[in-house]
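Colleague: I'm new to reading structures, and I'd like to take a close look at one part, the place where the ligand sits. Could you walk me through what surrounds it?

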Amino acid sequence: MATRKQSESVLEAERTKTKPPPLFKVLLLNDDYTPMDFVVVVLQTFFSMSREQAMRIMLKVHREGVGVCGVFPRDVAATKVELVTGYAREHQHPLACVMEEC
Ligand code: TYC
């Protein structure tokens, strides 16, 4: 049986080996066709932003080409990308939503 010192050092080794789960940014990309109002609704609906916050991010994407909607664990980020992309396609808009590891 391990002594207290041995089992503590085993626990310590395991703790230092364990990396925190990776986080992913969900990004919106600019395009020339998706209406600004639609992007604002997407940000309010899928990222729980106020109309003012959503307007700020939409304009940032419009002017700079890309903007961060939020940072999430992998599965949450992947679900947001799927839901936003599906919603945009249902409305025949080419809006691009992607994820990128932080
Ligand atoms: N550039 C679009 C327009 O002028 C608006 C837009 C903003 C599109 C953000 C996509 O992620 C986007 N209608």
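Modeller: Let's start with Asp31: one of its backbone N or O atoms lies 2.7 Å from a nitrogen atom of the ligand. Please keep in mind that this is a predicted model. The side chain of Asn30 also takes part, with an N or O atom 2.7 Å from a ligand nitrogen. His62 adds a polar side-chain atom that lies 2.9 Å from a nitrogen atom of the ligand. How much of the ligand does the protein cover? On its own the ligand has 350 Å² of accessible area, and the protein covers 89% of that.

Now look at where the surrounding residues come from. The elements that give two or more residues to the shell are β1 (23–29), α2 (36–47) and α3 (51–64). The largest share comes from α3, with 3 residues. If you want to find the shell on your screen, its residues include Leu28, Leu29, Met36, Val39, Met58, Val61 and Leu95. Sorted by class, the shell has 7 nonpolar, 3 polar and 1 charged residues.

Thr34 is another residue around the ligand, and it is worth a pause. You will find Thr34 in the loop between β1 and α2. Is Thr34 buried or exposed? Its relative accessible area is 12%, which is under the 20% cut-off, so Thr34 counts as buried. A polar atom of the Thr34 side chain lies 3.3 Å from the backbone nitrogen of Leu95. Leaving aside neighbours within four places in sequence, Thr34 is in contact with Val39, His93, Pro94 and Leu95.

Leu95 leads us on to the protein's interior. The largest nonpolar core has 22 residues, and Leu95 is among those with the most contacts inside it, along with Val26, Leu28, Leu43, Phe47 and Val84. At least two residues of this core are supplied by each of β1, α2, α3, β2 (66–73) and α4 (74–90). The element that gives the most is α2, with 7 residues. As a general rule, nonpolar side chains tend to be buried together in soluble globular proteins.

Finally, follow Leu28, which belongs to the ligand's surroundings and is also among the residues with the most contacts inside the core. Not counting residues up to four places away in sequence, Leu28 touches a set of residues including Val39, Leu43, Val61, Val84 and Leu95. Of these, Val39, Val61 and Leu95 are also around the ligand, while Leu43 and Val84 are listed with Leu28 among the core residues with the most contacts.

Terms used:
Residues numbered from 1 in each chain as written. Predicted model: local features only at pLDDT ≥ 70, side-chain atom pairs only at ≥ 80, totals over all residues. Heavy atoms only, no water. Near = heavy atom within 4 Å. Polar contact = N/O pair within 3.5 Å; in protein donor to acceptor, adjacent residues only side chain to side chain. Areas by Shrake-Rupley, 256 points an atom, 1.4 Å probe, with all protein chains shown as cover. Helix = DSSP H or I, 4+ residues; strand = E, 2+ residues; numbered from the N terminus. Nonpolar A, V, L, I, M, F, W, Y, C, P; charged D, E, K, R; others polar. Core = buried A, V, L, I, M, F, W, Y, C linked by side-chain atoms within 4.5 Å. Buried < 20%, exposed > 50% of the residue type's maximum accessible area, 1.4 Å probe, protein only. Contact = heavy atoms within 4.5 Å.
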